[in-house]
There are 2 protein chains.
Amino acid sequence: MASLVQDKVSGSRNSKAVAAAVQVLTAAFGNRVVTSNAVREQHGNTLTWIPNQPPDAVVFPQAAEDVQQIVRICAQHGVPVIPYGTGTSLEGHINAPQGGVSIDFRDMNRILAVHAEDLDCVIEPGVTRKMLNEHLRDQGLFFPIDPGADASLGGMAATRASGTNAVRYGTMKDNVLSMKVVLANGETMITSRRARKSSAGYDLTRLIVGSEGTLGVITELTLKLQGIPEAIAAGICPFPSVEAACNATILTIQSGIPVARIELLDEVQVRACNAYSKLDLPETPMLLVEFHGTAAGVAEQSERFGEIAKELGGGPFEWATKAEDRTRLWQARHDGYWAARGLRPGASALATDVCVPISRLAECVTETQRDAKETGLLAPLVGHVGDGNFHLSLLVDMDSQDEVKTAKKFLERLAERALAMEGTCTGEHGVGQGKAKYLPAEHGPAAMGAMQAIKQALDPNNIMNPGKMLPEA
Amino acid sequence: MASLVQDKVSGSRNSKAVAAAVQVLTAAFGNRVVTSNAVREQHGNTLTWIPNQPPDAVVFPQAAEDVQQIVRICAQHGVPVIPYGTGTSLEGHINAPQGGVSIDFRDMNRILAVHAEDLDCVIEPGVTRKMLNEHLRDQGLFFPIDPGADASLGGMAATRASGTNAVRYGTMKDNVLSMKVVLANGETMITSRRARKSSAGYDLTRLIVGSEGTLGVITELTLKLQGIPEAIAAGICPFPSVEAACNATILTIQSGIPVARIELLDEVQVRACNAYSKLDLPETPMLLVEFHGTAAGVAEQSERFGEIAKELGGGPFEWATKAEDRTRLWQARHDGYWAARGLRPGASALATDVCVPISRLAECVTETQRDAKETGLLAPLVGHVGDGNFHLSLLVDMDSQDEVKTAKKFLERLAERALAMEGTCTGEHGVGQGKAKYLPAEHGPAAMGAMQAIKQALDPNNIMNPGKMLPEA
């Protein structure tokens, strides 16, 4: 085992310290500490083009106390800790550029309490969103945040995930009530009380949500829940252009229609979904919408949306009120990433993720599509357009240096374009390694200085997921 | 002027430094620096029983650059800065226990931009919520957070205010998109982009919201707006007991009725409102509710709420669909504090503010009422019960040492009771000076340590509103 650790000397800060830490961890946790190449490599893996940087070891804690002990051992040895949920993050969040210990929450997947009266629940970080919703269904409750992947809720909190429902229910920042977090000093902090609101001090909950493991390791979450709506209706509406679809979205939001989901697919993405999910949608820009409410409320919302769509040249409007039709539709949307990859087998898909004020959305999407076309790369587009957020899957042959170079330049132009429109370089995928270089341009020196000061204050030895989010000092 | 400053030596850290800072400020800002006793005392004033601790000087900036210059001058001299909005905070937030310079935002009250398409606006911190809503009305928009007082929006952000609409629209943490903030180092930080969501780094917006001026001074805010609902209906529903009213509230929230306001008044408060606002409500516990939506949606919500109320023994239910009747009703609710004081002229009103998970609300309210009764003090109760948040106005003769002692002990028992029920000692009034002593019990040592570390990192010389929120090191 020690030799395996030493094999990875190049990436690690201090191979002796790592070996010593792994020895202590193994004494404490036995075969729940794994250093095999296969497992290490799987834990550095990400769904993007960022190269794999495996940790030195992977530990599988079974309780919050285990996590505290792991962090304390690593802190004593100055060894990095990298929290790991399901490995579905897209920007290299779980890589170990300086080596260290990956903490895999696979075995911490218990639902500790459901408080139906308070519409909240208490869970361990390894619970995935599908597991939770399965568990809640019988009680008529659900957790609304849906990033597509069946991610762990700890990971979703750490990366401030959102997805298709965010236009109505917000992002993880709006749906985490409280967390238990092991800090770099080995103490466990509770970020907030379970009351719905509080004005008692700094908002530690929101500080940890989106901090990507750089300030602490989440060991428990209290999440807000929603009642399953009495009625759900979903529909598909084709549009003559992406611009018309964006304008219909703006008008829908402005009219105060409480749409639960409003998703854009461009014509390339529709083609991909038709092929992958065996659908026969018209291959033109399209909005997928969903409404939640009472039967009468959903009917009223649908009607109003239909009028807006028609006004902007969209339609005909097809409704899926049956649960199985809706499921098929959203499954196709969620499979969009794999459908996109199917357009060019063997190519990698570079997922982009900018978000702009909705008034600039049509302009940003149109310019980006023109830019993508000029690169010659296939780049199907989907968007959580109610929030001004959209993704392209840039299909790139990673063996072609030309294509990689072209793709990288495109990514830079896209980030610059979003920033120039008062937008963000990352709407929901987080920063990780991939977006760290854009952060200074997005936030400016004073905010970057504040973030660095907070990181330094809470993690002075930089052991919490180092090399992520903030440029290294 | 210097003599005035020296008169206050006892409270100030260093009277020479203060005198020097005031001299430099006066050179820069002329008669916008005021050191008269009357003005200084008015700027330490709060609406509670906390003794007045006036600043050494008050400055009236006219632009963000002025604020930056004021902070830099104060930082150079190690002199505290205390931001001042309208002085309506309740926990001594604007007192100057260590002396220093109060920054009054009276003249920074411009609405800089309204982006109707994006449902947001950009304002200076001195704009009050009524000024903003007046300005927005013609565009069919409104800003929903309503703490009762016509507070400045800078102050509302700084204290994480909420109020009657929070059950539907959230608190200030949910409605501030971004801020410009002058830090202790004199730099101006922008907390976020204008996009609706982002996962780009630490959530500086939420860190500043509720930080009570202890981390920086807000010089500009970007706020989320809402479309004015097509239909609004408000109603009054009497209940046989506070418990029945609380249970009706729980059932309303659980049923997913998107109630915009649901306010409890106990029988003592109803009596006070009848007398103060010339109403003739039945003197029994009462819910004031309001629904926002389409005409059909509001009708449906009202009907469902009516059924719930009836089920729990409430009613009859009286509706006010006319704007003037609604206004009269909510004016009476907003005047509740003054109405309460009217019950015992000459007495002070100590406003309490706990918030518990809604499942514990009936229990917490009932126990608190029993406790209040045993003190012999009049204590009318109002509650934003949809959030589990309620206030008593404890009517105390501050000249009676016995009453003051009794009141203080009651406040302590109330905080302990809320904490024991997983609640918070301050739902929306903030910490300031009054609640600082409860914070360690609420958050525990690790979270308190994290807050102290953040404060130390961003304000190492402790010049930003010192003596508030965190116990002094």
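Two strands count as paired if DSSP finds at least two bridges between them. With that in hand, here are some questions on this predicted model.

Q: In what order do the 4 strands of the open sheet in chain A run?
A: The sheet is open and its pairing is mixed. Going across it in chain A, the order is E1-E2-E4-E3.

Q: Which strands of chain A stand at the edges of that sheet?
A: An edge strand here has a single partner strand, so one side of it is left without a neighbour in the sheet. In chain A that fits E1 (33–34) and E3 (81–84).

Q: Which residue in E4(A) is the bridge partner of Val58(A)?
A: Strand E2 of chain A covers residues 57–59, and strand E4 covers residues 101–104. The two pair in the parallel sense over 3 bridges. For Val58(A), the partner in E4(A) is Ser102(A).

Q: What angle does the direction of helix H4 of chain A make with that of E4(A)?
A: Helix H4 (residues 64–77) packs on the sheet, where it touches E2, E3 and E4 of chain A. Its direction and that of E4(A) make an angle of about 175°.

Q: Are H2(A) and H4(A) roughly parallel or roughly antiparallel?
A: Helix H2 (residues 15–29) of chain A packs against H4(A) with the axes 9 Å apart and an angle of about 155°. Angles over 145 degrees count as roughly antiparallel. That makes the pair H2(A) and H4(A) roughly antiparallel.

Q: How many residues of the contact of H2(A) with H4(A) are nonpolar?
A: From H2(A) come Ala17(A), Ala20(A), Ala21(A), Val24(A), Leu25(A) and Ala28(A). They meet Gln69(A), Ile70(A), Ile73(A), Cys74(A) and His77(A) in H4(A). None of these contact residues is charged and 2 are polar, while the nonpolar ones number 9.

Q: Which helix gives the most residues to the side of chain B that touches chain A?
A: Between the chains, 76 residues of chain B are in contact with 76 residues of chain A. Several elements of chain B supply at least two residues each, among them strand E9 (188–190), helix H10 (242–254) and helix H17 (439–458). The side of chain B that touches chain A divides into 30 nonpolar, 29 polar and 17 charged residues. The top contributor, with 14 residues, is H17(B).

Q: What kind of axis relates the two copies?
A: A turn of 180° with a shift of 0.0 Å along the axis lays chain B on chain A, at an RMSD of 0.0 Å. The same surface serves both copies, as 100% of the contact residues of chain B recur in chain A. The copies are thus related as by a two-fold rotation axis.

Definitions and conventions: Residues are numbered from 1 along each chain as its sequence is written. Chains are lettered from A and ligands numbered from 1 in the order in which they are written. This is a predicted model: local features need pLDDT of at least 70, side-chain atom pairs count only at pLDDT 80 or more; totals for chains, interfaces and linings use all residues. Two residues are in contact if their C-beta atoms, placed from the backbone, lie within 7 Å. Axes are lines fitted to C-alpha atoms, for helices over the stretch in contact, and angles run from 0 to 180 degrees between N-to-C directions. Ala, Val, Leu, Ile, Met, Phe, Trp, Tyr, Cys and Pro count as nonpolar, Asp, Glu, Lys and Arg as charged, and the others, Gly among them, as polar. Copies are superposed by least squares on the C-alpha atoms of residues with pLDDT of at least 70 in both. Angles under 35 degrees count as roughly parallel, over 145 as roughly antiparallel, 65 to 115 as roughly perpendicular and the rest as oblique.
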